[in-house]
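Colleague: I'd like to talk through the empty spaces in this model and the ligand. Could you show me the structure before I start asking?

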Amino acid sequence: MVFENILVEQIENTAMITINRPDKLNALNNDTIEELHQAFEILDGTPSVKTIIITGSGEKAFVAGADISEFANYGVEKGTDLARKGQELLFDFVQNLSTPVIAAINGFALGGGLELAMAAHFRVASSNAKMGLPEVSLGVIPGYGGTQRLPQLVGKGKAMEMIMTAGMISAEDAKDWGLVNYVVEQDELIPLCEKLASKIMRNSSVAIAAAIKSVNANYTNCVNGFGIEIEQFGLSFGTDDFREGTSAFMEKRKPDFE
Ligand code: COA
């Protein structure tokens, strides 16, 4: 499989997807989301692939969010489409994949990056990783499932704090809060994910697919929440704060919200 923004390789029964835009800290632009969708779809349909590990290239970032430069000029309609399409193509798609997906968080996992890691079936982080949902600092809200999946993983109060402060938490705090299962040194990250993958592979793929479906079923009452998130995400694109927040990021200055 040859893509422009991601690398895909298969070693025995484990596939590894590496998001490969290191100069943009692996930010998710629309093309990358499309490519990830295709890769997950192909790998899920490949019988020899028993587990998928997703990570970011380089030592600094897993994914530093959705690509702000791509959506900074969007209005309400395009903003709403961005969230809806992204959720369908990637975030819900990964959550509901029959093949287990492990997120190997090798650095910054911010905004859409943390949302992607949270859509995976579970997460392992390197000790340098930092996680957060900084969207409100840009005048927008998390739009790729973050308002729904973060409370499911860390509880409502901690999720509210992370979303409202737009701050980052350390890998150790993320482990204490239940956001990641393990924290290891960076050079041990992929080996640990591979070890976990090999344990998973000893078990029935059919039963695992059924277990994924069953675990996810407990969260279907959040379907409305995902819809409201899309609506509110879209509406933020019509605000002055969104213009100011995204312009400030591109101009490398602090936002001055009214
Ligand atoms: N979208 C688009 N470009 C991004 C990006 C994003 N989410 N995150 C980082 N980049 C780009 C930067 O613009 C910069 O590009 P440039 O070299 O062409 O100017 C490059 O990646 C390196 O980032 P930089 O900000 O210089 O690195 P840093 O080490 O100083 O800071 C972060 C790292 C992660 C703290 C900072 O990049 C950041 O805050 N990113 C945005 C995080 C965010 O708000 N994500 C949610 C989006 S909804």
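Colleague: How much space lies in the largest cavity?

Modeller: About 30 Å³. Keep in mind that this is a predicted model.

Colleague: What makes that space a cavity and not a pocket?

Modeller: A cavity is a set of points where a 1.4 Å probe fits but cannot get out, while a pocket is an open set. The structure holds 1 cavity of 30 Å³ or more.

Colleague: Which residues line the largest cavity?

Modeller: Among them are Leu 28, Asn 29, Asn 30, Ile 33, Ala 66, Asp 67 and Tyr 144. Two elements, α1 (30-44) and α2, give two or more residues to that lining. By class, the lining has 6 nonpolar, 2 polar and 2 charged residues.

Colleague: Let's turn to the ligand. Which residues come nearest to the ligand?

Modeller: There are 19 residues around the ligand, and those that come nearest are Lys 24, Lys 60, Ala 66, Ile 68 and Lys 252. The shell divides into 12 nonpolar, 1 polar and 6 charged residues. Both α2 (68-71) and β6 (108-110) supply at least two residues of that shell.

Colleague: What makes the pair between Lys 24 and the ligand a polar contact?

Modeller: An N or O atom in the side chain of Lys 24 is 2.5 Å from an oxygen atom of the ligand. The cut-off for a pair of N or O atoms is 3.5 Å, so this pair counts as a polar contact. Lys 252 passes too: one of its polar side-chain atoms lies 2.9 Å from an oxygen atom of the ligand.

Colleague: And what part of Ala 64 lies 3.0 Å from a nitrogen atom of the ligand?

Modeller: A backbone N or O atom of Ala 64 does that. Set 3.0 Å against the 3.5 Å limit, and therefore this is a polar contact as well. As for cover, the ligand taken alone exposes 860 Å², and the protein buries 69% of that.

Colleague: Which pocket is the space taken by the ligand?

Modeller: That would be the largest pocket. A molecule sits in a pocket if more than half of its atoms lie within 2 Å of the pocket's grid points.

Colleague: How much space lies in the largest pocket, and what lines it?

Modeller: About 850 Å³ of space lies there. It is lined by 36 residues, and the closest to its centre are Ala 64, Ala 66, Ile 68, Leu 138 and Phe 249. Elements giving two or more residues to the lining are α2, β6, α4 (112-119) and α11 (240-250). The largest share, 4 residues, comes from α11. By class, this lining has 21 nonpolar, 8 polar and 7 charged residues.

Colleague: What about the second largest pocket: how much space lies in it?

Modeller: About 360 Å³. Of its 18 lining residues, the closest to the centre are Ala 120, His 121, Val 215, Asn 216 and Tyr 219. The largest share of the lining, 5 residues, comes from α9.

Colleague: How do the residues of that lining divide by class?

Modeller: The lining of the second largest pocket divides into 12 nonpolar, 4 polar and 2 charged residues. Val 215 counts as nonpolar and Asn 216 as polar, because Val is on the nonpolar list and Asn is not listed as nonpolar or charged.

Note on methods: Residues numbered from 1 in each chain as written. Predicted model: local features only at pLDDT ≥ 70, side-chain atom pairs only at ≥ 80, totals over all residues. Heavy atoms only, no water. Near = heavy atom within 4 Å. Polar contact = N/O pair within 3.5 Å; in protein donor to acceptor, adjacent residues only side chain to side chain. Areas by Shrake-Rupley, 256 points an atom, 1.4 Å probe, with all protein chains shown as cover. 1 Å grid on protein atoms, 1.4 Å probe; cavity = no way out; pocket = protein on both sides within 12 Å on 5 of 7 lines; lining within 4 Å. Points joined across faces, edges and corners; volume = space filled by probe spheres on them.
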